Amino acid sequence: MAMAPVNQTPPRILLHVFSTLSVGGQQVRFATLVNNGLGEFVHRLFAMDGQYESMKLFNEDAPCEIFETRFTKGNTAGNVLAFRRALNTLRPDILVTYNWGAIEWAMANFGRSCPHIHIVDGFGPEEAEGQLQRRVLFRRLAFWRNTTTVVPSRTLYEIATKTWRLPPGDVAFIPNGIDCTRFDNMPDPAYARQLGLDGAGPVIGTVAALRPEKNLTRLIEAFAISVAKNPAIRLVIVGDGAERPALEAAAIKFDVAEKVTFTGYIADPAPVLSLFDIFALSSDTEQMPISVLEAMAARLPVAGVDVGDVRHIVSDPNRPLIVNRDARALADILSTLAGDADLRDRIGQANRRHAESHYSQADMVSAYTKLFSA
């Protein structure tokens with residue numbers, strides 16, 4: 001006798017709204033979550049700028065698809081109504097919004113037609129020096145009731161609870177995590193030759209979207225200062241974006257163009273990180289950059305500026321290498337590291353141990369899975 005079919009609960013639908021789905025740390029983390037544990041949900045994705053390049057980061061069988069709806073950029077009142085209609089049509093089990101760029105969707109969910117999770121990873125260049133009061137008020141209103149706000153850094157937790165005045169019980173602190181074993185590959189001589197790095201002196205590298213807030217001009221200037229003391233050093237900038245022409249012009253301006261390599265976008269940074277001797281961070285604003293975690297997993301010392309939680313992310317021996325947002329201060333750190341291979345190795349090993357013990361990818365996936373399942 002044939003058995004009756006077992007009734008199965010349909011998968012829950014999560015609507016994720018990003019300002020962009022071009023590739024960046026936030027998008028890399030989301031792809032990691034989907035590929036490693038959030039497969040029991042159906043993910044509808046909406047990018048405010050219509051950019052979906054990070055879709056290529058998902059596994060082929062990932063339950064993700066683009067959700068489309070029309071809106072008019074700059075028409076906040078009209079967009080709130082349009083997004084409200086979209087929510088009523090799709091009826092997601094959870095609305096998940098990311099950063100300020102998705103604020104209109106948070107406002108459209110007035111009355112909380114569905115549960116809301118808002119994930120904050122940082123701010124654009126317009127808030128690099130501090131919070132804009134108008135945005136503070138909008139966030140306070142949009143996230144005050146029945147919204148869980150997720151932050152990956154202590155700095156953001158302070159801002160959410162003290163500046164935005166959100167109830168601490170509504171703010172979840174979930175640090176970013178990483179699979180350190182992905183960064184165990186040995187340097188590939190053929191790849192080094194391809195990038196023109198074979199035989200190069202200490203290689204300073206960074207991985208970043210080429211956007212204004214990353215302030216890679218500061219890094220190029222610091223590198224140029226360091227070249228006077230360490231003529232053999234090279235700089236590699238991994239990433240792409242609208243700032244690339246300006247950065248290439250800066251390399252010419254500082255007379256180091258022949259020593260700076262722009263690789264463009266690289267989907268998997270692990271092979272190129274294995275060619276670095278030093279990782280550099282020069283941003284005006286960050287919180288818990290995944291690129292720093294990747295550098296630590298790759299056993300690299302981090303020469304960086306003191307933004308967000310960067311000083312707290314790195315291991316204790318690395319903390320003196322996190323300096324003020326000044327090109328000369330950064331240049332001093334780059335020069336010190338370039339001239340001391342033992343120091344680089346010692347700090348790099350400490351960073352790897354710290355990443356393994358504090359920033360587990362499995363812990364991050366578990367925390368997000370629990371959050372979305374609650």
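**Notebook: Trp105, two cores, strand 11 and His116**

I started at Trp105 and listed its contacts beyond four places in sequence: Leu15, Val17, Phe46, Met48, Phe67, Thr69, Phe83, Ala86, Leu87, Leu95 and Thr97. I note here that the model is a predicted one.

I then looked up the nonpolar core around this residue. The largest core holds 44 residues, and Trp105, Tyr368 and Phe372 have the most contacts inside it. Strand 1, helix 1 (25–35), strand 2, helix 2, strand 4, helix 3, strand 5 (116–119) and helix 14 (361–373) each give two or more residues to this core. I also found a second, separate core of 36 residues, with Cys180, Ile266, Ala295 and Val302 among its members.

Next entry: helix 2. I read it as residues 76–90, 15 residues in total, with a reach of 21 Å from first C-alpha to last, close to the 21 Å expected. I listed its buried residues as Asn79, Val80, Ala82, Phe83, Arg84, Ala86, Leu87 and Leu90. What lies over them? I found that the cover includes strand 1 (13–18), strand 2 (42–47), strand 4 (94–98) and helix 3 (103–108). Of the buried residues in helix 2, Phe83, Ala86 and Leu87 also appear in my contact list for Trp105. Just after helix 2 comes Arg91, and I noted its positive phi, near 50 degrees.

I moved on to strand 11, residues 278–281. Ile278 and Ala280 point one way and Phe279 and Leu281 the other, and all are buried. I recall that side chains in a regular strand alternate between the two faces of the sheet. Which strands pair with strand 11? Strand 8 (residues 203–207) does so in the parallel sense over two bridges, and strand 12 (residues 302–305) in the parallel sense over three. Phe279 has Gly205 as a bridge partner, and Phe279 also stands opposite Val302 in strand 12. I traced strand 11, helix 10 (residues 290–297) and strand 12 as a right-handed β-α-β unit. Val302 is the residue I had already listed in the second core.

Last entry: His116, in strand 5. Is His116 buried or exposed? I count it as buried because its relative accessible area is 2%, and the cut-off is under 20%. Its side chain makes a polar contact of 2.8 Å with the side chain of Thr97 and one of 3.1 Å with that of Thr147. Beyond four places in sequence, I listed contacts from His116 to Leu95, Thr97, Ala106, Asn109, Phe143, Asn146, Thr147 and Thr148. Leu95 and Thr97 are in my list for Trp105 as well.

Note on methods
Residues numbered from 1 in each chain as written. Predicted model: local features only at pLDDT ≥ 70, side-chain atom pairs only at ≥ 80, totals over all residues. Heavy atoms only, no water. Helix = DSSP H or I, 4+ residues; strand = E, 2+ residues; numbered from the N terminus. Expected span 1.5 Å × (residues − 1). Buried < 20%, exposed > 50% of the residue type's maximum accessible area, 1.4 Å probe, protein only. Contact = heavy atoms within 4.5 Å. Core = buried A, V, L, I, M, F, W, Y, C linked by side-chain atoms within 4.5 Å. Pairing = 2+ DSSP bridges. Right-handed = clockwise from strand over helix to strand, strands pointing away. Polar contact = N/O pair within 3.5 Å; in protein donor to acceptor, adjacent residues only side chain to side chain.
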